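Work through the exercises below with the model open beside you. Try each task before reading its solution.

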Amino acid sequence: MSKKMKYFPIVSVIALMFSMTTAHADEKICAIYPHLKDSYWLSVNYGMVTEAQSLDVELKVFESGGYPNIEKQRQQMEACNRWGANAIILGTVSPTAFQHDLGVYIGDTPVFATVNHLIVDANQKTHIKGVVGVDWYWMGYKTGKFLADKHPKDSGIVELALLPGPQSSGGTKPVILGFLEAIKHSDIKVTDTLWADNDKELQRNLIQQVIDTRKNLRYIVGSAVAIEAAISEVRAANLTQRIDLLSIYLSHGVYRGLLRDKVKFSPTDKMVEQGRLSVQQAVSYLRDEPYGHDLAPSIDTLTPDNLNVDTIEDSLSPSGFRPIFNVHSQ
């Protein structure tokens, strides 16, 4: 065997190792969340972090502090570019916030919309390389259907207060549309629809308001933050036997409420799974691998008598998990 033949395999192995290293060297992903005020986005963060670690990519996370903060999200997209992100995963603060000018802030960086609906015009659409998220209409519909089945037409009017969260939130309006559609042929009467940011104190004030003013109130349906606040407020008012609580999405506090029969119902769009799927999309794009452009987990429903372990693991970060803002590749 010639010297050339003898050394060729070693050179090939070195070349292969070099090509593998350089192929993954540019995998820097930036993720932007509307906020981390509740455990919904904490669970999305857990899914993204664990998937980034599994796929050995670098991840930087920003949170925008709330749904009114469009300007802050613009600045964060620009910060992602300065950092050298090769892909941006965007949980927008508003569906139309970047409808006509997304490219101004992200340049040529590919964007992957996560959880919240992102609406862009035809010129901006080329920037969107993937979407992960469920249609929140069905989150509202499944919640309303649960109640409509309990209170069909002519069974007796029952009063309900709806506290869906901030008006500017991308999922709030579809939730309400789905909920109202599901109950329209039932005896559920929505007496109040009250809005506030997903801040526990703001939601607590709304809970106290409806408890004080609606003496025949039978149900409170709301965001996870509202329902977490309502658990203690309803108990303090000695109304746990009269007022039932339903959440329009799952959180750790809502899950504890389901375990203790303090919350009667919650759908889940599997936040951990959504975080994983978004990172998988971005990495597949960067590695030029095939992937699904529009992905959504199934919406499962939970009651105190139906708490599927696999569904919970796909939905909630482990107890004690805290937000992680940086993942470094090996």
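**Exercise 1. Overall make-up**

How many helices and how many strands are there in the protein?

Solution. The structure is a predicted model. Counting along the chain gives 11 helices and 13 strands. Next, take the extent: along the principal axes, the C-alpha atoms fill a box of roughly 90 × 40 × 35 Å. Finally, turn to burial: 52% of the 330 residues count as buried.

**Exercise 2. Contacts and charges**

Take contacts between residues at least 6 apart in sequence: what percentage join residues at least 24 apart?

Solution. The share is 73%.

Now find how many side chains are positive and how many are negative, and how far apart the centres of the two sets lie.

Solution. There are 33 positive and 37 negative side chains. The centres of these two sets are 2 Å apart.

**Exercise 3. Aromatic rings**

Classify the aromatic pair formed by Tyr-137 and Trp-138.

Solution. The structure holds 13 aromatic pairs, and Tyr-137 with Trp-138 is one of them. Step one is the distance: the ring centres are 4.9 Å apart, and the cut-off for a pair is 6.5 Å. Step two is the angle: the planes stand at 80 degrees to each other. Angles over 60 degrees count as edge-to-face, so this pair is edge-to-face. Step three is accessibility: Tyr-137 has a relative accessible area of 23% and Trp-138 one of 42%. Both values fall between 20% and 50%, so both residues are partly exposed.

Which residues form one aromatic cluster?

Solution. The members are Tyr-33, Tyr-40, Trp-41, Trp-136 and Tyr-249.

**Exercise 4. Charges over rings**

Over which ring does the charged end of Lys-28 sit, and over the face of which residue does Arg-218 lie?

Solution. The charged end of Lys-28 sits over the ring of Trp-83, 4.5 Å from the ring centre. Arg-218 lies over the face of Tyr-219, and here the distance to the ring centre is 4.7 Å.

**Exercise 5. One residue in a loop**

Is Leu-250 buried or exposed?

Solution. First locate the residue: Leu-250 is in the loop between β9 (244–247) and α9 (252–259). Its relative accessibility is 0%. Buried means under 20%, so Leu-250 counts as buried. Then list its partners: beyond neighbours within four places in sequence, Leu-250 is in contact with residues including Tyr-40, Leu-258, Met-271, Leu-302 and Ile-312. Lastly, compare sequence with space: Leu-250 and Lys-270 are 20 residues apart in sequence, and their C-alpha atoms are 8.5 Å apart.

Key: Residues numbered from 1 in each chain as written. Predicted model: local features only at pLDDT ≥ 70, side-chain atom pairs only at ≥ 80, totals over all residues. Heavy atoms only, no water. Helix = DSSP H or I, 4+ residues; strand = E, 2+ residues; numbered from the N terminus. Buried < 20%, exposed > 50% of the residue type's maximum accessible area, 1.4 Å probe, protein only. Contact = heavy atoms within 4.5 Å. Lys, Arg positive; Asp, Glu negative; His and termini not counted. Charge placed at Lys NZ, Arg CZ, Asp CG, Glu CD. Phe/Tyr/Trp six-rings, centres within 6.5 Å; stacked < 30°, edge-to-face > 60°. Lys NZ or Arg CZ within 6 Å of the ring centre and 35° of its normal.
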